[in-house]
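Please open the model in your viewer and keep the sequence panel beside it, so that each selection below can be followed in turn.

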Amino acid sequence: MVKARHSRLDCTPGCSVEAAVSLIDGKWKAVILYHLLDGPIRFNALRRMVGDVTQRMLTNQLRELEADGLILREVFAQVPPRVDYSLSDRGRTLSPIILALKDWGDANMDLFGRRLVA
């Protein structure tokens with residue numbers, strides 16, 4: 001089931017930030033987008049890359065990203081069935097943001113370690 005989007009963006013200061021973040025919020029969306037930066041990936045390969053995500057959660061996140069126009073889903077008529085996911089043109093515009101998040105995370109990985117210990 002695809003989650004409901006914000007019912008309103010009231011154009012107060014920050015509403016464009018709220019709109020942008022609402023498209024990539026969720027535990028796995030930014031990670032999925034990061035892995036798709038290098039090109040099309042099949043579902044099971046993406047699941048292995050993402051790590052500790054259930055099949056259902058990955059499917060839901062991919063559906064939301066597709067519904068928002070950030071990724072493309074291409075189904076190949078073959079046996080066994082093959083589905084590739086890739087960034088759409090709009091999704092590719094997020095590349096600098098995703099890479100900036102990665103750089104920031106690399107530089108501040110110590111903060112993540114503190115959360116695990118606490």
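**The sheet and its neighbours**

Begin with the strands of this predicted model: 3 of them form an open sheet in the order E1-E3-E2, and the pairing is antiparallel. Select residues 41–42 for strand E1 and 71–76 for strand E2, which are the edge strands, each pairing on one side only. Then add residues 82–87, strand E3, which runs antiparallel to E2 and is joined to that strand by 6 bridges. Within this pairing, show isoleucine 71 and, opposite it, leucine 87 in E3.

With the strands still displayed, select residues 29–36, helix H2, which packs on the sheet and touches E1, E2 and E3; the direction of H2 makes about 95° with that of E3.

**A charge over a ring**

Next, show the side chains of phenylalanine 76 and arginine 82: the arginine lies over the face of the phenylalanine, at 4.0 Å from the ring centre. If you go on to look for aromatic pairs, a search of the whole structure finds 0 of them.

**Two crossing helices**

Finally, select residues 43–50 for helix H3 and 55–67 for helix H4, whose axes come within 11 Å and cross at roughly 110°. Since angles of 65 to 115 degrees count as roughly perpendicular, H3 and H4 are therefore roughly perpendicular to each other. Which residues meet where H3 and H4 are in contact? From H3 come Phe43, Leu46 and Arg47, and these meet Gln55, Leu58, Thr59 and Leu62 in H4. Coloured by class, this contact of H3 with H4 shows 4 nonpolar, 2 polar and 1 charged residues.

Technical notes
Residues are numbered from 1 along each chain as its sequence is written. This is a predicted model: local features need pLDDT of at least 70, side-chain atom pairs count only at pLDDT 80 or more; totals for chains, interfaces and linings use all residues. Side-chain values use heavy atoms; hydrogens and water are left out. Rings of Phe, Tyr and Trp (its six-membered ring) pair if their centres lie within 6.5 Å; planes under 30 degrees apart count as stacked, over 60 as edge-to-face and the rest as tilted. A charge sits over a ring if NZ of Lys or CZ of Arg is within 6 Å of the ring centre and within 35 degrees of the ring normal. Axes are lines fitted to C-alpha atoms, for helices over the stretch in contact, and angles run from 0 to 180 degrees between N-to-C directions. Helices (H or I, at least four residues) and strands (E, at least two) are DSSP runs, numbered from the N terminus. Angles under 35 degrees count as roughly parallel, over 145 as roughly antiparallel, 65 to 115 as roughly perpendicular and the rest as oblique. Contact means heavy atoms within 4.5 Å. Ala, Val, Leu, Ile, Met, Phe, Trp, Tyr, Cys and Pro count as nonpolar, Asp, Glu, Lys and Arg as charged, and the others, Gly among them, as polar. Two strands pair if DSSP finds at least two bridges between them.
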